[in-house]
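Work through the exercises below with the model open. Try each task before reading its solution.

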Amino acid sequence: MTGSTESILRRSALAATALTLALTGAVVGAGLSDGSPSTGLGLVADKGGHPAPGGNDGPYVFGGRGQGGRTPAERAYRDLLDHGPHAKILTAAHRGQWRDAPENSLPAILAAFRQGAEIAEIDIQLTKDGAPVLMHDTTVDRTTNGTGRVADLTLAQIGELRLKEGLGGAQAAITDERIPTLAEAMRVVKDRGLVNLDKGWPFREEIWDVLAETGTVRNGIYKSAAPVAEVDTFLAAHEGAVYMHMINDDNLAHVAGFGDDQPIAYEVNFGSIADAVARKPFLDSLARHSRVWNNTIWNGLADRMTDEASLIDPLRGWEGLARGFNTTIFQTDDVEKLEAWLRTGEGDPVPNGSLRVQAEDFLPGEGVGYHDNDTANLGGLRARPGEGVDISDADGNVRVSWMRGGEWLTYEVTVPRGGIYAVSARVSSPYSPAGTYTLSFDGGRDSDRIAVRNTTSHNKQVLQPSGVNRYLTAGRHTVRVSLPADAQQNWNLDYLQFDPVRH
């Protein structure tokens, strides 16, 4: 993904404008009886536009405490029904928590709920013999050790395959996990939470049979952009079915078509905040009767308001959407970070006592602060004009990319307190091996080689420990990241982090 710094800043400024309007009651809330502005999120804002301490009833900075219930699944269902001004903001884990287990696997679903998500988004395909199974693609090639279309494989053949780590890919490692059937998944989900049945509308009858047999009708959220008449026919024949409708500018008229019997939620997709579905009057009308669901997993689903943008500044993503666009359900690839934001209002804060250096903040000068094999910025992001380091934008993440053997980057780090620091790097790569680097401090010798591990995606970053612990005195230091010329290199660097080693 390429772009310009100017474009990113312009879009960020628009999101900030939406927040300012929200806090003055112009977007999502009327003024409170005491004259304080309402955020529309069950909060009272202070005069600076920030949530006031004690402004809501629970441990959340954003959203209400939520409903009660015997089980987490019952609470999540009751929360889904609530679209009032103090509704709890819900987290939907994209393909489960794939950072901890293969996407669409039972462990990924369990990890999502364990980390705070109320909803696990799963994808459904139908086998040759009519069994619904969890699989995003129409083929098994990307995520398993097999090949072929799901629709051409029997359930028995599907059962012989093994899932790959994370988001899969040609070079991802094979695990011992199998492709779950929908029935297996729903038995796991039953008391734990809800699932979004993505890609399942063409198989809605087969899915219904599974939900009915497993007693999980209220756990499964159907989703489609089908004609309203088709949706109405299905819902009339399947009492208790939970349904969310997908809308963008192309099918905006569907909302009016549902009349007084509105879906429980709308997944609102917009490539630009100028789209009709992203405008205040429309979103206000939706929020009066339905939940508003937004996807922050990559650019173009909620403009550029993404998980990665949120980690840099929540106002550029989650906070901007919640305050300015009525969002009360987020589909995310960063469950833990989003859950932390709901409670703290922070995106990806530097841990107490730690230091962080962004990859694009290398010292200037070819041959002085850095060496890059190419004179041009192949990443395309004009963050540092005139310098050859390859800086790119990946769904809101600004990083150094096109890492190649023989290159190096030097950084300045100011240490406030002397001590031993453990160094980590936030990286991404879909390759095995992904790359190798060394670290050196203050012109000293290189460390042992450090392997960059496959994150199963070019654009999904993971903080990986280097294994290097270094005593640093208080004061200024230089740190060099060097890429050995004789090693395979194809990875991206977001930042270096120095965490104090506590005894």
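Helices (H or I, at least four residues) and strands (E, at least two) are DSSP runs, numbered from the N terminus. This is a predicted model: local features need pLDDT of at least 70, side-chain atom pairs count only at pLDDT 80 or more, and totals for chains, interfaces and linings use all residues. Residues are numbered from 1 along each chain as its sequence is written, and side-chain values use heavy atoms, with hydrogens and water left out.

**Exercise 1.** Place isoleucine 329 and describe its surroundings.

Step 1. Find the element. Isoleucine 329 belongs to strand β9 (residues 329–332).

Step 2. Check burial. Buried means under 20% relative accessible area, exposed over 50%, partly exposed in between (1.4 Å probe, protein chains only). Isoleucine 329 has 0% relative accessibility, so it counts as buried.

Step 3. List contacts (heavy atoms within 4.5 Å). Leave aside neighbours within four places in sequence; the contacts of isoleucine 329 are then Leu80, Leu90, Ala92, Ile119, Arg291, Val292, Trp293 and Asn294.

Step 4. Take one C-alpha distance. Alanine 265 is 64 residues away along the chain, and its C-alpha atom is 8.9 Å from that of isoleucine 329.

**Exercise 2.** Describe the largest nonpolar core.

Step 1. Fix the term. A nonpolar core is a set of buried Ala, Val, Leu, Ile, Met, Phe, Trp, Tyr and Cys residues joined through side-chain atoms within 4.5 Å.

Step 2. Count. The largest core holds 55 residues. Leu182, Leu197, Tyr222, Val268, Phe270 and Leu286 have the most contacts inside it.

Step 3. Find the main contributor. Helix α5 (residues 182–189) gives the most to this core, five residues.

Step 4. Look for a separate core. Another one lies apart from it, with 34 residues, including Val415, Ala434, Val468 and Leu496.

**Exercise 3.** Which strands pair with β15?

Step 1. Apply the criterion. Two strands pair if DSSP finds at least two bridges between them.

Step 2. Take β18 (residues 457–472). Its pairing with β15 is antiparallel, over nine bridges. Serine 429 has serine 457 of β18 as its bridge partner.

Step 3. Take β20 (residues 492–500). It also pairs with β15 in the antiparallel sense, over eight bridges. Arginine 426 stands opposite tyrosine 495 in β20.

Step 4. Check burial. Nine of the 11 residues of β15 (residues 419–429) are buried, so the strand is largely enclosed by the rest of the structure.

**Exercise 4.** Trace the open sheet of five strands.

Step 1. Write the order: β11-β14-β19-β16-β17, with antiparallel pairing.

Step 2. Mark the edges. β11 (370–371) and β17 (450–452) each have a single partner strand, so one side of each lacks a neighbour in the sheet.

Step 3. Inspect one pair. β16 (residues 435–441) and β17 share three bridges. Tyrosine 437 stands opposite isoleucine 450 in β17.
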